[in-house]
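Good morning, colleagues. Please have the sequence and the coordinates open while I speak.

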Amino acid sequence: MQRRNFLRLSATSAMAVAVAPSLITQKLYAEDGSLFQTFEKVQLKDAQGNPMKAAALAQEENYIFFYPYAGTPALAVNLATPTDKEVKLKAEDGTEYIYKGGVGAKGTIVAYSAICPHQLTYPQASMSMFQYVGEKGKTLAYDKGGVFVCTSHLSAFEPKQGGKVVGGPASQGLASIVLEIDPDDTLWAVGVLGPVKFQDFFDAFKKELKEVYGRNGAKELVKTETKVQPLKNFTAEIIQS
Amino acid sequence: MAMNRRDTFKLAGIAAVTAAMPGVAMASEKAEAVKKTNGKSVVVIGGGFGGLTIAKALKKLDKSLEVTVIEKNNMFVACPFSNTLLGGLDNVALDNFVGDYYQPSATHGYSFVNATVTAIDKAAKTVTTTEGSMSYDILVLSPGIAYDYAGQFPKWSKEKIAEVSQACPAGLMPGNEHIALKRQLEGMDDGNIIIVPPAKGKFRCPPAPYERTSMVANYMKNEGIKGKVIVLDNKDGAFAKAAAFKESWADLFPDIIEYKGTTEVTDIDPKAKTITYIEYANIDDTKGVVKTEKYEVCNFMPNNKCSPVIEMAGIKTNDAGYAIMDGVSFRSATDKNIYVIGDAVTHGIPPSGQAAIWCAHRAARQIVDQMNGKANDPAAGLPANAANVCYSMVGGKPEEAIMVTHEFIVGPNNTMGSVASVPKPKDGNGKFRSAGTAKATREWFKGVMREMFA
């Protein structure tokens with residue numbers, strides 16, 4: 001997200017709080033804080049409204065939830081292999097940021113904003129062309145599985161390295177959703193790290209989002225809790241080449 | 001209402017904005033009125049896939065750049081996916097293909113000038129247009145292609161070329177030609193449709209004639225038009241995605257599509273609506289048989305050459321006018337301040353919309369690095385897997401498509417090359433085409449439009 005976009009969003013949604021990056025678990029995420037934003041601390045809850053537990057996430061299953069806005073999709077995955085830690089990444093405009101790594105007992109749980117930074121393809125209820133493909137899976141976008149893939153334009157992103165681009169036309173990586181796990185194993189989304197595309201997304205899909213969420217509903221910040229469910233339950237068809 | 005002090009300021013603000021952008025000295029002004037650059041001026045010639053992408057990318061990489069796009073058309077029309085309009089697919093309308101130039105220029109902070117380039121002085125670093133002249137520090141040429149009727153038919157007069165090009169629209173340059181073709185299809189009764197792919201050399205969107213063949217056949221089938229789509233080709237079946245196209249033609253339109261692979265068109269008579277060609281028995285046959293076919297609609301695609309804008313710039317080109325590049329970069333081999341992207345390059349990569357976008361992002365990085373005195377490795381990231389992905393819709397009911405992907409590599413003689421692969425989709429039941437690929441085709445097109453306009 002460009003700094004300008006950030007400001008535009010902040011102006012319309014006063015709840016987005018820009019805090020010093022060091023406040024979150026005392027770790028530095030981005031050099032100047034411009035690529036790290038905290039949002040509402042939101043609990044992930046399952047279809048029945050019960051708190052989702054980290055241990056309940058099936059391995060390599062795509063789980064969709066909406067964060068930080070009501071209309072912006074994110075995907076959580078419990079990877080088969082732990083992520084790297086302290087991964088240094090660079091946005092298109094040269095800004096550097098640091099991906100701290102996955103969470104959970106084995107450091108395998110990750111979440112990324114499911115808006116492709118290339119041309120904004122995202123999972124929809126009618127079909128999804130943006131999702132994680134298991135390590136044994138094969139796609140046209142990359143010579144290995146275990147990556148997020150946009151089926152339409154064939155960009156691939158490595159979830160073990162902070163969503164770095166590893167294939168296809170995308171010129172910067174995925175934004176990651178910063179997750180926290182409480183001592184009772186409940187899952188919380190607290191912020192977003194990396195170059196986000198929220199304003200571009202709202203601009204590009206104004207008409208489509210209005211149909212689903214009403215006039216400005218997609219831009220409303222998610223508060224307190226957000227529903228998390230397997231992508232295959234949310235979308236009519238997962239398309240993967 | 002009396003004008004108060006605040007209103008005066010507001011008006012002054014508008015005037016200043018208008019004067020500052022675009023930085024074009026009107027033609028009536030003297031030559032010395034050409035506005036001096038601020039040392040960060042990039043002028044982009046061509047507002048197609050390459051031009052619009054690089055203008056946006058440059059502003060994203062370095063806000064301090066002053067970027068101006070010069071485009072001769074006053075409205076954007078997309079070529080990719082447009083065969084689906086001819087095919088009469090559901091929920092496809094002209095609206096899907098058009099855009100206004102004011103919106104992306106305002107959103108991304110570059111200037112737009114609606115003018116035709118008439119001269120380029122690379123020593124003085126100025127571009128002259130029908131609306132005035134302007135200076136540049138870096139010039140980006142993204143002018144696309146031109147048709148070479150004259151080279152292909154040396155005996156045709158200018159009048160004959162004009163007549164054929166209007167009566168048998170090529171439909172490789174977007175806008176008027178596509179609308180004319182659609183009108184002709186909708187207006188026709190029973191009878192044959194002739195499609196003639198370019199006969200020689202590099203041409204824009206290599207699968208286009210064959211996707212069009214599928215889509216036109218789909219239209220005939222759905223409308224119940226009695227007749228055939230006859231393809232008069234000279235590639236003997238060796239064209240882009242050939243195996244995948246042929247499989248779908250045989251499965252979906254066996255009684256409609258007739259492909260002739262060893263022909264040479266010698267004349268078209270738009271008044272009589274006839275096309276004359278030599279049909280050879282095979283590629284070794286030199287004699288052939290002369291045939292004349294009556295048509296209702298003829299989509300004649302002449303050989304392509306590069307847009308004359310490249311020649312105006314006085315940079316090194318090949319025989320067809322395409323720009324010779326500096327290694328695998330997007331800079332001219334002979335002028336360090338001129339970059340070339342899109343169909344106008346000599347790199348061995350497909351002349352496609354997606355490739356133009358890909359080139360534009362790379363060239364933008366190279367330009368910004370050059371202007372800021374930073375090193376740039378033009379081979380960085382190569383080989384690039386799936387740098388190009390290109391879909392062709394082959395059926396309408398149900399919608400099905402095929403695809404090709406290209407890996408871009410450092411090719412022979414340190415130019416950029418590519419390696420193609422035509423995959424079979426997971427949902428294709430062993431066929432090259434599938435419904436999932438058709439959905440990806442639609443999303444692909446929406447994505448490339450978002451790239452330029454969102």
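I shall go through chain A, then the contact between the chains, and then chain B. Please keep in mind throughout that this is a predicted model.

Let me begin with chain A. Its secondary structure comprises four helices and 14 strands. Of the 241 residues in chain A, 50% are buried. As for how the chain folds back on itself, consider the contacts in chain A with a separation of 6 or more: 61% of them are between residues 24 or more positions apart.

Two residues of this chain deserve individual attention. The first topic is Ile98(A), which sits in strand E5 of chain A, residues 96-99. Is Ile98(A) buried or exposed? Ile98(A) counts as buried because it has 20 C-beta neighbours inside 10 Å, and the threshold for that class is 20 or more. If one then moves 22 residues along the chain from Ile98(A), one arrives at Leu120(A), and the C-alpha atoms of the two are separated by 23 Å.

The other residue is Gln240(A), found in the segment after helix H4 (231-234) of chain A. Gln240(A) is buried, because 21 other C-beta atoms lie within 10 Å. Which residues does Gln240(A) contact, if we set aside its neighbours within four places in sequence? In chain A they are Val133(A), Thr139(A) and Thr151(A), and from the other chain there is Lys426(B). In addition, Gln240(A) and Ser128(A) are 112 residues apart in sequence, yet their C-alpha atoms are 8.6 Å apart in space.

That contact with Lys426(B) leads us to the interface. How many residues does each chain bring to the contact? Chain A supplies 24 residues and chain B supplies 23 residues. On the side of chain A that touches chain B, helix H2 of chain A, residues 198-204, gives the most, with three residues. Sorted by class, that side of chain A has ten nonpolar, ten polar and four charged residues.

We now turn to chain B and its domains. The domain assignment divides chain B into domain 1, made of 35-146 + 306-375, and domain 2, which is 150-303. Between the C-alpha centres of domain 1 and domain 2 of chain B the distance is 30 Å. The two domains touch through 17 residues of domain 1 of chain B and 20 residues of domain 2 of chain B. Helix H3 of chain B, residues 83-86, gives the most to the domain 1 side of this contact, with four residues. By class, the domain 1 side has nine nonpolar, seven polar and one charged residues.

Next, the sheets of chain B. One is an open sheet of five strands with parallel pairing, and its order is E5-E2-E1-E9-E19 in chain B. At its edges are strand E5 (111-114) and strand E19 (338-340) of chain B, each of which pairs on one side only. Neighbouring strands of this sheet are turned by 20 degrees against each other on average, direction ignored. Within this sheet, strand E2 of chain B, residues 66-71, runs parallel to E5(B) and is joined to it by four bridges. As an example of the register, Glu71(B) has Asn114(B) in E5(B) as its bridge partner.

Helices pack on this sheet. Helix H2 of chain B, residues 49-61, touches strand E1 (41-45), E2 and strand E9 (138-141) of chain B, and its direction makes about 170 degrees with that of E2(B). Helix H11 of chain B, residues 353-371, lies across E1, E9 and E19 of chain B and runs at about 170 degrees to E9(B).

There is also an open sheet of three strands in chain B, with antiparallel pairing and the order E6-E7-E8. Its edge strands are strand E6 (117-121) and strand E8 (132-135) of chain B. Here neighbouring strands are turned by 15 degrees against each other on average, direction ignored. E6(B) is joined by four bridges to strand E7 of chain B, residues 126-129, and the two run antiparallel. Ala119(B) stands opposite Thr128(B) in E7(B).

I close with helix H12 of chain B, residues 435-453. Its 19 residues, at 1.5 Å a residue, should span 27 Å, and the end C-alpha atoms are 27 Å apart, so the two values agree. H12(B) is mostly covered, with 16 of its 19 residues buried.

Definitions and conventions
Residues numbered from 1 in each chain as written. Chains lettered and ligands numbered in written order. Predicted model: local features only at pLDDT ≥ 70, side-chain atom pairs only at ≥ 80, totals over all residues. Contact = placed C-beta atoms within 7 Å. Nonpolar A, V, L, I, M, F, W, Y, C, P; charged D, E, K, R; others polar. Expected span 1.5 Å × (residues − 1). Buried ≥ 20, exposed ≤ 12 C-beta atoms within 10 Å, placed from the backbone. Domains from an automatic or database assignment. Pairing = 2+ DSSP bridges. Axes fitted to C-alpha atoms, helices over the stretch in contact; angles between N-to-C directions.
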